[in-house]
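Trainee: I should like a close look at one part of this model, the interface of its two chains. Please set out how that interface is built, and then place it within the rest of the structure.

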Amino acid sequence: MKLYVNLRYLIVPISSLITLFGIFLGGIYAWIGVILFGIYTIIDTVTKDIHLRAETDDDGNSFGIKQFQYLVMYFMLPVFITLQLALAWRIFQYVDSSIIESAYFAGFAYESGINTTNLIGASLSAALWAGLGIIYGHELSHNKKEGFLVSRLIMALSGASHFTYAHVYNHHLDLGHQDDPATAPRGRNVYWHTWLSHIGQSKFSFDMEKKKLGKQNKSFLSFDNRWILGYVYSLPSIILFVWAGGLIGLLALAAVWVIANFLLEALNFMGHYGLIREEGKPVEHRHSWDNDSVFTSWFFIEIGRQCDHHVRGETYFWELDDVGGPNYGIGYFSLFVLTLVPPLFRSYVKKHLDNWDQNYATDAEKVIAKQFENKNLIAQVAS
Amino acid sequence: MFGLFTKKNKDFIASVNENSFEVKVIKGKTLLSSALDQGIDWPHRCKVGSCGSCKCKIISGKIKPQIDFAYVLDQEELDAGYVLACQSELKSDIEVEVIFKNKQE
């Protein structure tokens, strides 16, 4: 049981390594990260009705091995760095117009040089799997020791190092309230949410550093400014891609960052869309959506157990459980596809929001929900 | 020399509000989680170091902070010895003061 509980969370590490290997191999294999994403979407949809509880021994202790899980999460930092290096190498070959031919490295055959189509595949593959770094960046943001720095560095690879601070100090505190940029109010679509949430969290981190440094009588332009430092951590990626491919390199990195941040904000979007919490009231299970179908749970290292996570923020992912909170009933991959088509998503989520209003919301939360409903109606009439 | 073979005490005791009661804090756990595990209604809200609800004042002893408290506590509070219980492990036995909403004493 112990082995099974710990090994089942290795889907992303193994898939990331396969994606990396695909980019190294080149040719059509550069697309393997995209293909895996598609396959996993199908698996997640097919297994949507399988839900498991957190397993414990007779004494109620989790089977999760902390040292092993942390080793895996830390190991993902060099994996994500290597993924960027591999993409940069391919961009360098593309810009350099390297001849496309078979070559050998340590006895392994690979395709040297890359055409435009396969470079797009490599960029998309790298972007999708770099974006999934959020699951480790998120988990480690709740570890206040060395894990916090690893979280910052993983997020910096996607230009989102501010997330680590904003998630803990803003999202966990202001969840379900308009002060939380990561909570999407009813009526917003995932595309608009991505920009608003990203900028809002960065601004929060900016303001928080300004306030802290002010209290310490230090200049904003200081090595103690962790908002600035977060962007400094992203500089090596920018330098690498500019060096590898100039403008094309920069465009590729921009694509990686946009896609990675879109995935990050899509997770925030799906985790709390339309849920409401009265200011000052405690965060409870009803203020998050659970997505805990089996494949989502294993793939996203239980990040879908938002209801439990937001009440027990200090709890390791392998200990999180189903707490009977609001649940979409489908996994993240399936729901993500729906979010890409906003009218489809709104249509799907309506019955779940109605259920939330009737069975979970307090009277005060119902009043706020009604205000949103009226505001959206007015906006629809106006347009 | 024999001290090398003596198992160091990894658990510490937090004596709360002038010895009103004690909280046993085992290695790797925070003051807040230990208090809650022992059924003490220690004030708290987020448990991740962002709200400041669990703040308490260290009178004596040493703690190991898991985060920079300066994001949540004022400089005056830091100077006065305030810490966040949810982000504090213990490095020694401590004496601590905390204000309970409903009198715990």
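Mentor: The model is predicted, and the account below should be read with that in mind.

The interface comes first. On one side stand 19 residues of chain A, in contact with 18 residues of chain B. Together the two chains bury about 1,700 Å², and 52% of that area lies on carbon and sulfur atoms. Within the part that chain A buries against chain B, 36% is supplied by K144(A), Y169(A) and K215(A), more than any other three residues supply.

The polar side of this interface can be described in pairs. Seven residue pairs are found in polar contact across the interface of chain A and chain B, with both residues of each pair at pLDDT 80 or more. The elements that give two or more residues to the side of chain A that touches chain B are helix 8 (162-174) and helix 9 (190-215) of chain A. Helix 8 of chain A gives the most, with five residues. By character, the residues on this side of chain A divide into six nonpolar, four polar and nine charged. Side chains of opposite charge can pair when their charged atoms come close. Three salt bridges are found across the interface of chain A and chain B. One of them joins the side chains of E314(A) and K47(B), at 3.7 Å from N to O.

The nonpolar cores give the next level of the picture. The largest has 80 residues, and W129(A), Y136(A), Y273(A), F299(A), F300(A) and Y328(A) are those with the most contacts inside it. Helix 10 (residues 226-272) of chain A contributes the largest share of this core, 14 residues. Y136(A) illustrates the packing: leaving aside its neighbours within four places in sequence, Y136(A) is in contact with residues including Y9(A), V12(A), M73(A), F80(A) and I301(A). Apart from the largest core lies another, of 37 residues, and among its members are Y169(A), V25(B), C46(B) and C56(B). This second core therefore includes residues of both chains, and Y169(A) in it counts as buried. Y169(A) is also one of the three residues named above for the area that chain A buries against chain B.

Chain B itself comprises two helices and seven strands. Along the sequence these elements follow the pattern β-β-α-β-β-α-β-β-β. Of the 105 residues in chain B, 47% are buried. Among contacts in chain B between residues at least 6 apart in sequence, 57% join residues at least 24 apart.

One loop of chain B merits separate mention. N17(B) is found in the loop between strand 1 (12-16) and strand 2 (21-25) of chain B, and N19(B) lies in the loop between strand 1 and strand 2 of chain B as well. Most residues other than glycine have a negative phi. N17(B), however, has a positive phi of about 45°, and N19(B) has a positive phi of about 65°. Their surroundings can be told apart by accessibility: N17(B) counts as buried because its relative accessible area is 11%, whereas N19(B) counts as exposed because its relative accessible area is 55%.

In chain A, the loop between helix 9 and helix 10 holds S222(A). S222(A) counts as buried because its relative accessibility is 19%, under the cut-off of 20%. A polar atom of the S222(A) side chain lies 2.8 Å from the backbone nitrogen of D224(A). The side chain of D224(A) in turn meets that of K218(A) in a salt bridge, at 2.8 Å from N to O. D224(A) is partly exposed, at 33% relative accessible area, and K218(A) is partly exposed too, at 37%.

Salt bridges recur elsewhere: over all chains, 19 are found in the whole structure. R8(A) forms one with E55(A), where the closest N and O atoms are 3.0 Å apart. That pair links distant parts of the chain, 47 residues apart. R8(A) counts as buried at 8% relative accessibility, and E55(A) counts as buried at 17%. The side chains of D292(A) and R305(A) meet in another salt bridge, at 3.6 Å from N to O, and both of these residues are buried. Finally, E284(A), R286(A) and E365(A) are linked in a network of salt bridges.

Terms used:
Residues are numbered from 1 along each chain as its sequence is written. Chains are lettered from A and ligands numbered from 1 in the order in which they are written. This is a predicted model: local features need pLDDT of at least 70, side-chain atom pairs count only at pLDDT 80 or more; totals for chains, interfaces and linings use all residues. Side-chain values use heavy atoms; hydrogens and water are left out. Contact means heavy atoms within 4.5 Å. Buried area is the accessible area (1.4 Å probe) that two parts lose on being put together, summed over both. A salt bridge is a side-chain nitrogen of Lys or Arg within 4 Å of a carboxyl oxygen of Asp or Glu. A polar contact is a pair of N or O atoms within 3.5 Å; within protein, one must be able to donate a hydrogen and the other to accept it, and residues adjacent in sequence count only if both atoms are side-chain atoms. Helices (H or I, at least four residues) and strands (E, at least two) are DSSP runs, numbered from the N terminus. Ala, Val, Leu, Ile, Met, Phe, Trp, Tyr, Cys and Pro count as nonpolar, Asp, Glu, Lys and Arg as charged, and the others, Gly among them, as polar. A nonpolar core is a set of buried Ala, Val, Leu, Ile, Met, Phe, Trp, Tyr and Cys residues joined through side-chain atoms within 4.5 Å. Buried means under 20% relative accessible area, exposed over 50%, partly exposed in between (1.4 Å probe, protein chains only).
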